[in-house]
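Work through the exercises below with the structure at hand. Try each task before you read its solution.

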Amino acid sequence: MLSRTLLALFLVAFALTSATLRAQEEGLPWETSLKTALEKAETEKKPVLICMHWAGEVACVETLEKIYPDPEIARAMATDFILLGTSPDAHEEIEVNGKKVSKLFRTVSCDTLVRCEQEVKLAYFSTPKVTVPQHIILYPNGDVAVKKTYIMKVPKFRKFLNDFMVDWAGKATLDLAGRMQAALKTVKKGKGDKRKAAIREIVEAGDKRTIELLYHVIQGIRKTKDRAFCIRAMGYEDLAAAG
């Protein structure tokens, strides 16, 4: 029988893998309005990633067709963020499950994308002209965390998402209950047995969101040997080198 530690890790890994496969096969889970995106962000305690594109722009098409489908990027977008896509143009649509959707965005219609574009411009821009591709990350309260214009190739986009989530993990930790908050702080700054005990406490608790934050806290640890130590402490004794 699997221990609670390994079972919790397996369930989280399975959820992340499933999210990646869904994002690649069915398309990313774009929200249908800025309002619903922010409501969901507040409920799930996740940041909002606004992806602004124009179908007539080569860099935008490349981002949608080649960069977002990257497995690591698709997983991060589908699991770490609430997604909101925008586009100012009514471009080609396809039919999926009896519904007309954008060929580029795949899960929302062009009308929805245009409406979202107008909502985002009204809320976050003082002029109607927007440079694209553009990515805006919002905190759940709607405040802008970062804006990034122009195309980012796969490695740079991975780093963009990962760097934000490492920073986000530190801020999100403050919202957790006392014991889990203290445990994550110990993982970030503790040493040896104290760090190991904190990791095991988090994993044994089996809370999906806290374990996801744990991953990002570990990614933010500077020394490779310390990251490897944390991975071993999570139950992956044979993956120290990978760590």
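**Exercise 1: An aromatic pair**

Trp30 has a relative accessible area of 7%, so Trp30 is buried. This is a predicted model.

Task: Classify the ring pair of Trp30 and Phe105, and state which parts of the chain the pair ties together.

Solution.
- Step 1. Check the partner: Phe105 has 3% relative accessibility and counts as buried.
- Step 2. Take the distance: the ring centres of Trp30 and Phe105 are 5.3 Å apart. Rings pair if their centres lie within 6.5 Å.
- Step 3. Take the angle: the planes stand at 70°, so the pair is edge-to-face. The cut-off for that class is over 60 degrees.
- Step 4. Place the residues: Trp30 lies in the loop between helix H1 (4-26) and helix H2 (34-44), and Phe105 in the loop between strand E4 (99-102) and helix H5 (110-124). The pair therefore ties together parts that are 75 residues apart in sequence.
- Step 5. Widen the view: Trp30 and Phe105 belong to one aromatic cluster with Tyr68, Phe157 and Phe160.

**Exercise 2: A second pair**

Task: Decide whether Tyr139 and Trp168 are stacked or edge-to-face.

Solution.
- Step 1. The centres of the Tyr139 and Trp168 rings are 6.3 Å apart, with 20° between the planes.
- Step 2. Planes under 30 degrees apart count as stacked. The pair is stacked.
- Step 3. Tyr139 lies in the loop between strand E5 (134-138) and strand E6 (144-149), while Trp168 is in helix H6, 29 residues apart.
- Step 4. Compare accessibility: Tyr139, at 22%, counts as partly exposed. Trp168, at 9%, counts as buried.

**Exercise 3: The two sides of a helix**

Task: Find which residues of H7 are buried and what they pack against.

Solution.
- Step 1. Helix H7 covers residues 178-189 and has 12 residues. Its first and last C-alpha are 17 Å apart, close to the expected 16 Å.
- Step 2. The buried residues of H7 are Met180, Gln181, Ala183, Leu184 and Val187.
- Step 3. Seen down the axis of H7, these buried residues fall within an arc of 165°, so they line one face.
- Step 4. The face turned away from the buried side carries exposed Gly178, Arg179 and Lys189.
- Step 5. The buried residues pack against helix H8 (192-205), helix H9 (208-219) and helix H10 (224-233).
- Step 6. Now the loop between H6 and H7: Thr173 lies there. Thr173 is in contact with Gln181 and Leu184, leaving aside neighbours within four places in sequence.

How values were computed:
Residues are numbered from 1 along each chain as its sequence is written. This is a predicted model: local features need pLDDT of at least 70, side-chain atom pairs count only at pLDDT 80 or more; totals for chains, interfaces and linings use all residues. Side-chain values use heavy atoms; hydrogens and water are left out. Helices (H or I, at least four residues) and strands (E, at least two) are DSSP runs, numbered from the N terminus. The expected span of a helix is 1.5 Å times one less than its number of residues. Buried means under 20% relative accessible area, exposed over 50%, partly exposed in between (1.4 Å probe, protein chains only). The arc is that of the directions from the helix axis to the C-beta atoms. Contact means heavy atoms within 4.5 Å. Rings of Phe, Tyr and Trp (its six-membered ring) pair if their centres lie within 6.5 Å; planes under 30 degrees apart count as stacked, over 60 as edge-to-face and the rest as tilted.
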